[in-house]
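Good morning, colleagues. Please take a moment with the sequence and the structure, and then I shall go through the strands, the helices, the cores and the largest pocket.

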Amino acid sequence: MPDSLSHKLIRNHLVSGSLQPGSEIALNMDQALLQDVLGTLVMLELEAMGIDRVKTSPSVQYIDHSLIQQDNINADSHLFLKSACERLGVWYSGPGNGISHPVHMERFGVPGESLIGCDSHTTAAGALGMLAIGAGGIEVAMAMAGEPLYLPMPRVIGVELSGRLPDWVSAKDIILELLRRHGVSGFKNCMLEYCGDGLDGLDAMDRHVLANMGTEMGATASVFPSDEVTRAFMASRGRGDQWRALSADPGCAYDDSVHIDLSALVPLIALPSSPDNVVPVEEVAGKPIYQSYIGSSGNPGYRDFSVVADIVRGQRVADGVSLDINPSTRQILSALIDEGHLGALVAAGGRIHQPGCNGCIGMGQAPAAGRNSLRTVPRNFPGRSGTREDSVFLCSPETAAASALAGVITDPRTLNQPYRRPAEPAEMVPDDAMFVPPLPIERARQVKILATDNTPPITTLAPLPTTVDAPVGLKVGDNISTDDIIAAGARVLPIWSNIAASADFAFESVDPAYAERVRTLPGHIIVAGNNYGQGSSRENAALVPRFLGLQVVIAGSFARIHWQNLPCFGVLPLTFENPGDLDGLREIDRIVIDQVFEQLAAGAQIRATVNGRRELTLRHDLSERQQQILRHGGVINWLKKREAHS
């Protein structure tokens, strides 16, 4: 039978399980990617597991989120991470080197290899033909320790791109069109495989935009063939010898397919405050803007900045508009300087920031309250920008640049100038001097890890009780994101590795009284609507509520990564057998689940009672392995118990 590229990649890394969609599979992971604010927890988890040397190679720690050094906290964290990398055999990419996802593509990405990352946008590496999957940090730590990654076998969706993009339409408009059609959960537990003659007109970083933002639709991974476009990209980075061709077999079948005629696309924009709230730019043209932000892993390519430079060259941005330029990597910043684009951006009024995630994660460049901010970032969840009362739109660099000049949202097709699709310079070779490679194991064992006040040991978690008898501590609606559960931004993000300190901010934007209220309870349950835990892979969105006594989450449905994170920290995720039961639950209700583990082992259905009177039927999708993890109070306890008996 002809095989899709997705099935080939999965088979090549399959440790156990079948390729039947929905069944649990285990995958061997070749490489690991860590970003700093979640990588800190990964290092602490590796320490708790007693790991002496990581098994994934390369494993790379990037400093790209915690770049604001308004006090000592982030600087201390960088030193902690560098020492942990030296101790454990991990590459270190320091501050200013750039965003993990494009830097990893430039320096470490290899077609056909598997990559796990403690960032949901790790999927971006699928642009090179990698099997790249975002996961919670605890699962990344397990993979680095040599354990396989477990997940539901995804359905493989063929995404056929045909035709050529019109002028003033680019890769961001393609992914916004997919979000417009399929929503933020339309591809949950799916792998998107791009194909069709339309691929020829997309360079490697255009493909990165699509692979990166597949996660906004719930996709497990996205993958492109490794072809001449991939070869040219790797050759320009001095790594042409690591390229190899990869593609689907002719005539292969997909579980489902979608088609986009690129020639029919128009400039699109996602309105506040969800990536799938998409309309044509022309429908909202004329709305005033405060900020136009270029950069992030959502538009990280050389062309994404140089096309903006071409548009604004010789002109000035409108009065009162902040044009924020966040180069994604040091190599791209150098190329923009060499090609004269940075000067054009500065002359037009652009504000140049250091390569990193920065405003995308609310670490700087926060907009004024209630003012419209156009951004080329991947997400516009409420408050993610760093301003709680924000109004963030997602759009292409072309739309952002045209709007910056006009001072209002502007369809770039109305500009009175020719359109150019810039090509990358022939050479953009990463500087290896900016990376710290792993130490030889003999030297590594002599390294002392530089702990800080915000890197305390991981809290030991007690197992879930055999009978859960707890009140509903919080009830929330649909599409609660991990940003809602534990905020990013300059106030909270620097202390993410300190679970006790960051617990004060749990659900702050949803219910500011949550943390204080549930601290007085012996245990509690959260009740939620659909797509609970969407967005970032941050495992502290599971660990922090668990620290505050969370035992069970009952939801209409879960986002994949958060669903996997919950049992890893001893929290039971359940769904409603009857979705209408959600409306009948209140925060004052008490729910009892008798013989929890016996019920889990007996089948998918779980019976509970509400206030000792009303019966409630729930469901679970946990594998036997996940049930064992729950019995032990989480992955770390489970691994320690297993090692003690091996």
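**Strand β19 and its surroundings**

I begin with strand β19, residues 391-395: five of its five residues are buried, so the strand is largely enclosed by the rest of the structure. Please bear in mind throughout that this is a predicted model.

Which way do the residues of β19 point? Ser-391, Phe-393 and Cys-395 point one way, Val-392 and Leu-394 point the other way, and all of them are buried. The cut-off behind that word is a relative accessible area under 20%.

β19 has pairing partners to consider as well. Strand β18, residues 372-375, pairs with β19 in the parallel sense over four bridges, and within that pairing Ser-373 stands opposite Val-392. Strand β13, residues 268-270, runs antiparallel to β19 and is joined to it by two bridges; here Ile-269 has Cys-395 as its bridge partner. In general terms, the strands of a sheet pair through backbone hydrogen bonds, either parallel or antiparallel.

**An open sheet and the helix across it**

Next, please turn to another sheet. Six strands form an open sheet with mixed pairing, in the order β7-β6-β3-β4-β5-β20. Its edge strands are β7 (131-134) and β20 (435-436), each of which pairs on one side only. For β20, the pairing is with β5 (residues 91-93), antiparallel and through two bridges; Tyr-92 has Val-436 as its bridge partner in β20.

Helix α2, residues 36-49, lies across β3 (31-35) and β4 (59-62), and runs at about 115° to β3. The helix also figures in the packing: α2 contributes eight residues to the largest nonpolar core, the largest share of that core.

**The nonpolar cores**

Which members of the largest nonpolar core touch the most other members? In this core of 115 residues, they are Met-43 and Tyr-532. Leaving aside residues up to four places away in sequence, Tyr-532 touches Val-476, Ile-480, Ile-485, Phe-507, Ile-526, Val-553, Ala-555, Ser-557, Phe-558, Ala-559 and His-562. Apart from the largest core lies another, of 54 residues, which includes Leu-161, Leu-192, Met-205 and Leu-262.

**Helix α10**

Is helix α10 enclosed or open? Of the 11 residues in α10 (residues 302-312), 10 are buried, so the helix is largely enclosed by the rest of the structure. The buried residues include Arg-303 and Asp-304 as well as Phe-305, Val-307, Val-308 and Ile-311. Among the elements that cover the buried residues of α10 are the helices α7 (204-213), α11 (330-338), α12 (341-347) and α13 (397-406), together with the strands β15 (291-295) and β16 (322-326). After α10 comes Gly-314, whose phi is positive, near 80°.

**A buried glutamate in a loop**

Glu-147 lies in the loop between α5 (137-144) and β8 (149-152). Its relative accessible area is 14%, and Glu-147 is therefore buried. Beyond residues up to four places away in sequence, Glu-147 touches Met-142, Leu-639 and Arg-642.

**The largest pocket**

I close with the largest pocket, whose volume is about 390 Å³. How many residues line the largest pocket? There are 28, of which Gly-22, Pro-152, Asn-189, Trp-563 and Asp-621 lie nearest its centre. At least two lining residues come from each of β8, α20 (560-568), β24 (572-576) and α22 (624-632).

Definitions and conventions: Residues numbered from 1 in each chain as written. Predicted model: local features only at pLDDT ≥ 70, side-chain atom pairs only at ≥ 80, totals over all residues. Heavy atoms only, no water. Buried < 20%, exposed > 50% of the residue type's maximum accessible area, 1.4 Å probe, protein only. Pairing = 2+ DSSP bridges. Contact = heavy atoms within 4.5 Å. Axes fitted to C-alpha atoms, helices over the stretch in contact; angles between N-to-C directions. Core = buried A, V, L, I, M, F, W, Y, C linked by side-chain atoms within 4.5 Å. 1 Å grid on protein atoms, 1.4 Å probe; cavity = no way out; pocket = protein on both sides within 12 Å on 5 of 7 lines; lining within 4 Å. Points joined across faces, edges and corners; volume = space filled by probe spheres on them.
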